[in-house]
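Colleague: Could you take a close look at one helix for me, and tell me what surrounds it? I would be glad of a connected tour rather than a list.

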Amino acid sequence: MTKDEARQILGTAKTKYRRTEDAHKKARDELQEAVVEALRAGVGPSEAARLSGFTDAYVRKLARGAGIPPIRESRGGPVPKKAAE
């Protein structure tokens, strides 16, 4: 391979990378928006994390950023009530 061929291949690879990078960012933005809308619709954060592939912590961060108040998810039993202050 000559230097000119290598430069051409490198330029083509960079262009392809940039094009797919933009598509990846757009898809990620859409997924983040879908998570926020799911939370607003009542889907719990753990389920939203499982369905989206994001971590629970990242889903909570998205929720906070969107102004969605934290909820306490039950692990199968009743949610304990806070003690009177």
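Modeller: Happy to. Let's begin with helix α2, residues 45-52, whose buried residues are P45, A48, A49 and S52. Buried here means under 20% relative accessible area, exposed means over 50%, and partly exposed is in between, using a 1.4 Å probe and protein chains only. These four residues sit on the same side of α2, because they cover an arc of only 100° around the axis; the arc is that of the directions from the helix axis to the C-beta atoms. On the face turned away from that buried side, α2 carries the exposed residues R50 and L51.

A word on what you are looking at: this is a predicted model, in which local features need pLDDT of at least 70 and side-chain atom pairs count only at pLDDT 80 or more, while totals for chains, interfaces and linings use all residues. Residues are numbered from 1 along each chain as its sequence is written, and side-chain values use heavy atoms, with hydrogens and water left out.

Now for the setting. The protein chain has three helices and zero strands, in the order α-α-α along the sequence. Helices (H or I, at least four residues) and strands (E, at least two) are DSSP runs, numbered from the N terminus. What covers the buried residues of α2 includes α1 (3-40) and α3 (56-65). Just after α2, G53 takes a positive phi of about 90°.

Two of the buried residues of α2, A48 and A49, also belong to the largest nonpolar core. That core has 10 residues, and its other members are V35, V36, L39, F54, V59, L62, A63 and I68. A nonpolar core is a set of buried Ala, Val, Leu, Ile, Met, Phe, Trp, Tyr and Cys residues joined through side-chain atoms within 4.5 Å. The elements α1, α2 and α3 each give two or more residues to this core. In soluble globular proteins, nonpolar side chains tend to be buried together.

L39 shows how α2 is tied in: leaving aside neighbours within four places in sequence, L39 is in contact (heavy atoms within 4.5 Å) with G44, P45, A48, V59, A63 and I68.

Another core member, F54, counts as buried at 13% relative accessibility. The structure holds one aromatic pair, and F54 forms it with Y58: the pair is edge-to-face, 4.9 Å centre to centre, with 65° between the planes. For this term, rings of Phe, Tyr and Trp (its six-membered ring) pair if their centres lie within 6.5 Å; planes under 30 degrees apart count as stacked, over 60 as edge-to-face and the rest as tilted. Y58 itself is partly exposed, with a relative accessible area of 21%.

Both rings also meet a residue of α1. Q32 is found in that helix and is buried, with a relative accessible area of 18%. Beyond its neighbours within four places in sequence, Q32 is in contact with F54, Y58 and L62.

Finally, look at R40, also in α1. R40 is partly exposed, with a relative accessible area of 48%, and touches A66 and I68, not counting residues up to four places away in sequence. The side chain of R40 reaches the backbone oxygen of A66 at 3.2 Å. R40 and A63 are 23 residues apart in sequence and 8.9 Å apart in space, C-alpha to C-alpha.

Notes
Polar contact = N/O pair within 3.5 Å; in protein donor to acceptor, adjacent residues only side chain to side chain.
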